[in-house]
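Visitor: Hi! Could you walk me through this one? I'd like to start with a charged side chain.
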Amino acid sequence: MANLKQQKCDACTGDSPAVTEEEINKFQQEIPQWDVKEENGEKRLERVFKFSDFKSALNFTNKIGEEAENQEHHPALLTEYGKVTVMWWTHAIQGLHRNDFIMAAKTDEIFNKSH
């Protein structure tokens, strides 16, 4: 199977399956810098990306937004001077879906290309 960054997101509904703990462990091997956090009872993927200034952080935020629109899967983004916090989770299932790991991998790729 293709690695996560080469995959596309599938449309989710409330009936879409959340990833299992085994799948989380497997997928995290491709995105080791992401943390699985729980907020309001929902599992989320989170990573903080560091930048030298606000303009670079904003440019990165906009590139994530473009890919999110392309994939029709949208994150929570906090853009600050020198850093961007990105959180992926699937609202429809109130937790983590394969799409979140795909988008985390794509986010890493965007970051790596911008440095």
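Guide: Happy to. This is a predicted model, and a good place to begin is K113, which is exposed, with a relative accessible area of 67%.

Visitor: Which residue does K113 form a salt bridge with?
Guide: Its partner is E109, and the closest N and O atoms are 3.9 Å apart. E109 is partly exposed, at a relative accessible area of 26%.

Visitor: How are E109 and K113 placed in helix 3?
Guide: They sit four residues apart in helix 3, so about one helical turn separates them. In general, an α-helix has 3.6 residues a turn, so residues three or four places apart point the same way.

Visitor: Nice. How many salt bridges does the structure hold?
Guide: Seven. Some share partners, and in that way E39, E42 and R44 are joined into one network.

Visitor: What does D108 pair with?
Guide: D108 meets R47 in a salt bridge, at 2.5 Å from N to O. This pair links distant parts of the chain: R47 belongs to strand 2 and D108 to helix 3, 61 residues apart.

Visitor: And is D108 buried or exposed?
Guide: Buried, at 10% relative accessibility. R47 counts as buried too, with a relative accessibility of 10%.

Visitor: What about E21, which residue is its partner?
Guide: That one is K43, with the closest N and O atoms 2.1 Å apart. E21 lies in helix 1 (residues 21-28) and K43 in strand 2 (residues 42-50), so the salt bridge ties together parts that are 22 residues apart in sequence.

Visitor: How accessible is E21?
Guide: E21 is partly exposed, at 45% relative accessibility. K43 is also partly exposed, with a relative accessible area of 27%.

Visitor: Changing topic: how many of the residues of helix 3 are buried?
Guide: Twelve of its 16 residues, so the helix is mostly covered. Among them are F101, I102, M103, I110 and F111, along with charged residues including D100, K106 and D108.

Visitor: What covers those buried residues of helix 3?
Guide: The cover includes helix 1, strand 2, helix 2 (54-71) and strand 4 (83-88). Strand 2 is also where R47, the salt-bridge partner of D108, is found.

Visitor: Last one: how far apart are the end C-alpha atoms of helix 3?
Guide: They are 23 Å apart. At 1.5 Å a residue, its 16 residues should span 22 Å, so the two values agree.

How values were computed: Residues are numbered from 1 along each chain as its sequence is written. This is a predicted model: local features need pLDDT of at least 70, side-chain atom pairs count only at pLDDT 80 or more; totals for chains, interfaces and linings use all residues. Side-chain values use heavy atoms; hydrogens and water are left out. A salt bridge is a side-chain nitrogen of Lys or Arg within 4 Å of a carboxyl oxygen of Asp or Glu. Helices (H or I, at least four residues) and strands (E, at least two) are DSSP runs, numbered from the N terminus. Buried means under 20% relative accessible area, exposed over 50%, partly exposed in between (1.4 Å probe, protein chains only). The expected span of a helix is 1.5 Å times one less than its number of residues. Contact means heavy atoms within 4.5 Å.
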